[in-house]
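User: Please take a close look at the part of this model where a short element is followed by an unusual backbone angle, and then connect that part to its surroundings. I would like the cut-offs behind each term as you go.

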Amino acid sequence: MEGREEDVRVGANKYGERQPIGTAAQARDVKDYTEPPPAPLFEPGELSSWSFYRAGIAEFVATFLFLYITVLTVMGVAKSATKCSTVGIQGIAWAFGGMIFALVYCTAGISGGHINPAVTFGLLLARKLSLTRAVFYMIMQCLGAICGAGVVKAFQKNQYEILGGGANTVSTGYAKGSGLGAEIVGTFVLVYTVFSATDAKRNARDSHVPILAPLPIGFAVFLVHLATIPITGTGINPARSLGAALIYNQDQAWDDHWIFWVGPFIGAALASLYHQIVIRAIPFKSK
């Protein structure tokens with residue numbers, strides 16, 4: 001039969017992957033995506049650009065709104081004698097996840113929609129933004145969180161102090177190590193999702209699958225809250241933890257506060273390394 005010898009020679013390779021994955025995708029000669037160049041560590045020109053300050057303002061406002069809505073939700077649940085008469089843990093998780101979904105959607109085109117110093121730190125390690133911008137974002141995020149919690153307290157000071165102000169603490173019955181571990185793993189899930197949902201290579205090769213990046217990010221926040229609210233109240237965002245602790249300003253809010261900075265930053269660093277080195281294998285690509 002004509003062509004039989006050719007069929008035997010190529011075998012299964014005749015109908016190879018139409019959408020190469022893994023190392024096969026990396027070996028392709030022609031890329032169907034553009035790898036952004038690494039961001040410089042310092043970019044002095046940013047300081048004279050209005051877009052730089054506009055992005056910082058967007059981070060401030062987004063984190064302000066995030067704290068305002070979520071702290072009110074936490075206080076509403078804490079106020080009730082029985083969780084059955086409130087939205088409960090599930091409602092708190094939806095408030096955090098839903099706000100992240102909405103705010104990332106609103107600010108992604110302006111600042112990237114970080115709303116979290118741990119996310120900013122992970123992206124900095126991956127060279128997705130300059131150190132100058134990362135520090136500016138973190139400052140604006142923390143200021144926004146402080147103002148958001150402050151407005152809640154200003155509206156209902158007595159209730160805020162009685163109900164704990166949404167401050168993160170390690171729950172009774174859990175060791176500090178358990179709280180730290182929960183924050184590390186929870187932040188890893190979040191930052192890994194951020195990398196995957198915004199990856200230029202994935203967006204190019206999965207373009208036939210409609211995906212809205214803020215959706216998986218918000219859903220990751222929701223799931224992490226379901227798992228870790230009973231342990232730490234769920235931080236995974238140092239700005240959120242700082243804002244609530246600073247405005248509440250009671251000893252129990254500061255006793256374990258270091259956990260809500262160290263844990264998220266470790267989790268973000270691990271997620272960044274995992275995505276860049278293992279998933280994308282960027283250090284091993286040929287020049």
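Analyst: Just after helix 5, R127 takes a positive phi of about 60°. As background, most residues other than glycine have a negative phi. The model is predicted, so that local features require a pLDDT of at least 70 and side-chain atom pairs a pLDDT of 80 or more, whereas totals for chains, interfaces and linings draw on all residues. Residues are numbered from 1 along each chain as its sequence is written, and side-chain values rest on heavy atoms, with hydrogens and water left out.

Helix 5 itself covers residues 117-125; helices here are DSSP runs of H or I with at least four residues, strands are runs of E with at least two, and both are numbered from the N terminus. At its start, a side-chain oxygen of N116 comes to within 2.8 Å of the backbone nitrogen of A118. Of the 9 residues of helix 5, 7 are buried, and the helix is therefore largely enclosed by the rest of the structure. Buried means under 20% relative accessible area, exposed means over 50%, and partly exposed is what lies in between, with a 1.4 Å probe and protein chains only. The buried residues are P117, A118, V119, T120, G122, L123 and L124, and they pack against helix 6 (131-155), helix 8, helix 11 (238-248) and helix 13 (259-279), where contact means heavy atoms within 4.5 Å.

Two of those neighbours also pack against each other: helix 11 and helix 13 meet at an angle of about 175°, with their axes 9 Å apart. That angle makes helix 11 roughly antiparallel to helix 13. The contributing residues are P238, S241 and L242 from helix 11 and F260, W261, P264 and F265 from helix 13, and by class this contact comprises 6 nonpolar, 1 polar and no charged residues. The axes are lines fitted to C-alpha atoms, for helices over the stretch in contact, and angles between N-to-C directions run from 0 to 180 degrees; under 35 degrees counts as roughly parallel, over 145 as roughly antiparallel, 65 to 115 as roughly perpendicular, and the rest as oblique. As for the classes, Ala, Val, Leu, Ile, Met, Phe, Trp, Tyr, Cys and Pro count as nonpolar, Asp, Glu, Lys and Arg as charged, and the others, Gly among them, as polar.

The loops on either side of helix 11 also hold positive phi values in residues other than glycine. I236, in the loop between helix 10 and helix 11, has a phi near 45° and is buried, with a relative accessible area of 3%. N249, in the loop between helix 11 and helix 12 (251-255), has a phi near 55° and counts as partly exposed at 48% relative accessibility.

Helix 8 (residues 176-197), another neighbour of helix 5, packs with helix 10 (residues 214-232) at an angle of about 175°, the axes being 9 Å apart. Helix 8 and helix 10 are therefore roughly antiparallel to each other. Helix 8 contributes S178, G179, A182, E183, G186, V189, L190, T193, V194 and A197, while helix 10 contributes P216, I217, A220, V221, V224, T228, I231 and T232; by class, the contact has 11 nonpolar, 6 polar and 1 charged residues. F219 lies in helix 10, is partly exposed at 42% relative accessibility, and has its C-alpha 9.4 Å from that of T193, although 26 residues separate the two in sequence.

Turning to another part of the chain, T70 sits in helix 3 (residues 50-79) and is buried, at 1% relative accessibility. The side chain of T70 reaches the backbone oxygen of F66 at 2.6 Å. Beyond residues up to four places away in sequence, T70 touches A95, F96 and M99.

For the annotation, UniProt, in an unreviewed entry, places the feature "transmembrane region" at residues 57-79, 91-115, 135-155, 211-231 and 258-279; its positions follow the numbering used here, feature names are shortened, and annotations may be inferred rather than shown by experiment. In the model, residues 258-279 are 95% helix and 0% strand, with end C-alpha atoms 30 Å apart, whereas residues 91-115 are 68% helix and 0% strand, with end C-alpha atoms 20 Å apart.

Finally, the protein chain as a whole has 13 helices and 0 strands, and 46% of its 287 residues are buried.

Terms used
A polar contact is a pair of N or O atoms within 3.5 Å; within protein, one must be able to donate a hydrogen and the other to accept it, and residues adjacent in sequence count only if both atoms are side-chain atoms.
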